[in-house]
Amino acid sequence: MAAAERVAVVLLGGRWAGKSSSGNSLLGLDSSTGGFNVGKQTDTCIMKETKIDSTLVSVIDTPSWMWVPAVDTSEEVKGQLKRSVILAEQGGHPAFLLVYPLGSPFLRRHKVAVEEHLALLGEEEEVWGHTMVLFSRGDWLAGRGTSIEEHIQTAGPELLWLLEKCGNRYHVINNKEKEMEKVKELLQKIKEMVRKREEMADESEEIPPVKRRRKSMEEPNQMTGDKSAAGGEVGEPSGAQDKD
Ligand SMILES: Nc1nc2c(ncn2[C@@H]2O[C@H](COP(=O)(O)OP(=O)(O)OP(=O)(O)O)[C@@H](O)[C@H]2O)c(=O)[nH]1
Ligand SMILES: [Mg+2]
């Protein structure tokens, strides 16, 4: 299947970053209409699907890490993060969105946490080559009357490091406004990232195919979920009602 027709987006990041909300923006849903639970801590991976124009998009929400080195993250959360990759590979061409809220400085401890938690997901070049920064809380920028470019220029070296690791791929989203045009723009960027990566993989045997990477990863215990139709989900729902 062509890369343009199907993608699987994994939402990654620290506590309260806006992962579930960003997933809902992609799905065009909210907590009360079948989207991810917002405002309640996500504790297992959940995959939901939607169709945006002709593209089938699998959206995978994950539990947060705290802003600590990976060694201090529970085995349960680490297992769920690894599981997200396996779910993504079932759902299409994997793309990782590293969700980070605007208005929060990205410091050395954030850098360490991101680097070490992404290392759990697979081979470094392969993972970072499929990763884009998704800045949530786009309304923060609007409130300050500044652009993302200006914000990046005045941010510290850690944020510049992050963007460089992501090949300068980023997108700004305001989850308080369901802006479909912005979501479509994001999807185009994701597809472009995946397409470029697939092309590089075709050109170079140095880059391990996704399937080979998967073999090297431990199968988690809880692979009981089945992918369901659009709007359906895979994995254990957290069950509680949202506060948002
Ligand atoms: N103003 C504003 N608030 C946002 C935005 N995105 C998320 N939030 C708020 O940020 C809080 C956390 O959002 P979640 O989507 O639950 O964040 P999360 O990363 O899934 O959080 P955990 O799973 O609990 O770690 C909620 O109160 C959201 O309403 C945004 O773009 N703008
Ligand atoms: Mg969440």
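**Helices, strands and a ligand shell in a predicted model**

Helix H2 spans residues 75–91, and its 17 residues stretch 24 Å from the first C-alpha to the last, close to the 24 Å expected at 1.5 Å a residue. Quite a bit of H2 is covered up: Gln80, Leu81, Arg83, Ser84, Val85, Leu87, Ala88 and Gly91 are buried. Right after the helix comes Gly92, with a positive phi near 145°. The model is a predicted one, and everything below should be read with that in mind.

Stepping back to the whole protein, the secondary structure adds up to 9 helices and 7 strands. Of the 244 residues, 37% are buried. Taking the contacts with a separation of 6 or more, 78% involve residues 24 or more positions apart.

Now to the strands. Strand S1 (residues 6–12) is mostly covered, with 6 of its 7 residues buried. On the pairing side, S1 runs parallel to S3, and 6 bridges join the two. Val9 has Val59 in S3 as its bridge partner. S1 also pairs with strand S4 (residues 93–101), again over 6 bridges and in the parallel sense. There, Val7 is matched with His93 in S4.

S3 (residues 55–61) has another partner in strand S2 (residues 46–52), and this pairing is antiparallel, over 7 bridges. Ile52 sits opposite Thr55 in S3. The two strands make a hairpin with 2 residues between them. Asp53 belongs to the loop between S2 and S3, and its phi is positive, about 50°, although Asp53 is not a glycine. As a bit of background, most residues other than glycine have a negative phi. Asp53 counts as exposed because it has 8 C-beta neighbours inside 10 Å, where 12 or fewer is the cut-off.

Over to helix H7 (residues 157–165), where the buried residues are Leu159, Leu162 and Lys165. These three lie on the same side of H7 because they cover an arc of only 120° around the axis. The face turned away from that buried side carries the exposed residues Pro157 and Glu164. As for what covers the buried residues of H7, the list includes helix H3 (108–118), helix H4 (124–128), strand S5 (131–136) and helix H6 (148–154).

One long-range pair ties in with this picture: the C-alpha atoms of Glu125 and Lys165 are separated by 9.4 Å, with their positions 40 residues apart along the chain. Glu125 is found in helix H4, one of the elements covering the buried residues of H7, while Lys165 is itself among those buried residues. Glu125 is only partly exposed because it has 13 other C-beta atoms within 10 Å, which falls between the exposed limit of 12 or fewer and the buried limit of 20 or more.

Past the end of H7 the backbone has some positive phi values. H7 is followed by Gly167, with a positive phi near 65°. Asn168 has a positive phi as well, about 60°, although it is not a glycine. Asn168 lies in the loop between H7 and strand S6 (170–172). With 11 C-beta neighbours inside 10 Å, Asn168 is classed as exposed.

Finally, the ligand. There are 21 residues around ligand 1, and those that come nearest are Gly18, Ser20, Ser21, Thr42 and Ser64. Sorted by class, this shell has 3 nonpolar, 12 polar and 6 charged residues. Helix H1 (19–27) and helix H5 (138–144) each supply at least two residues to it. H1 gives the most to the shell, with 3 residues.

H5 is also home to Ala142. With 14 other C-beta atoms within 10 Å, Ala142 is partly exposed. In sequence, Ala142 and Asn174 are 32 residues apart, yet in space their C-alpha atoms are 9.5 Å apart.

Definitions and conventions:
Residues are numbered from 1 along each chain as its sequence is written. Chains are lettered from A and ligands numbered from 1 in the order in which they are written. This is a predicted model: local features need pLDDT of at least 70, side-chain atom pairs count only at pLDDT 80 or more; totals for chains, interfaces and linings use all residues. Helices (H or I, at least four residues) and strands (E, at least two) are DSSP runs, numbered from the N terminus. The arc is that of the directions from the helix axis to the C-beta atoms. Two residues are in contact if their C-beta atoms, placed from the backbone, lie within 7 Å. A residue is near a molecule or strand if its C-beta atom, placed from the backbone, lies within 6 Å of it. Ala, Val, Leu, Ile, Met, Phe, Trp, Tyr, Cys and Pro count as nonpolar, Asp, Glu, Lys and Arg as charged, and the others, Gly among them, as polar. The expected span of a helix is 1.5 Å times one less than its number of residues. Two strands pair if DSSP finds at least two bridges between them.
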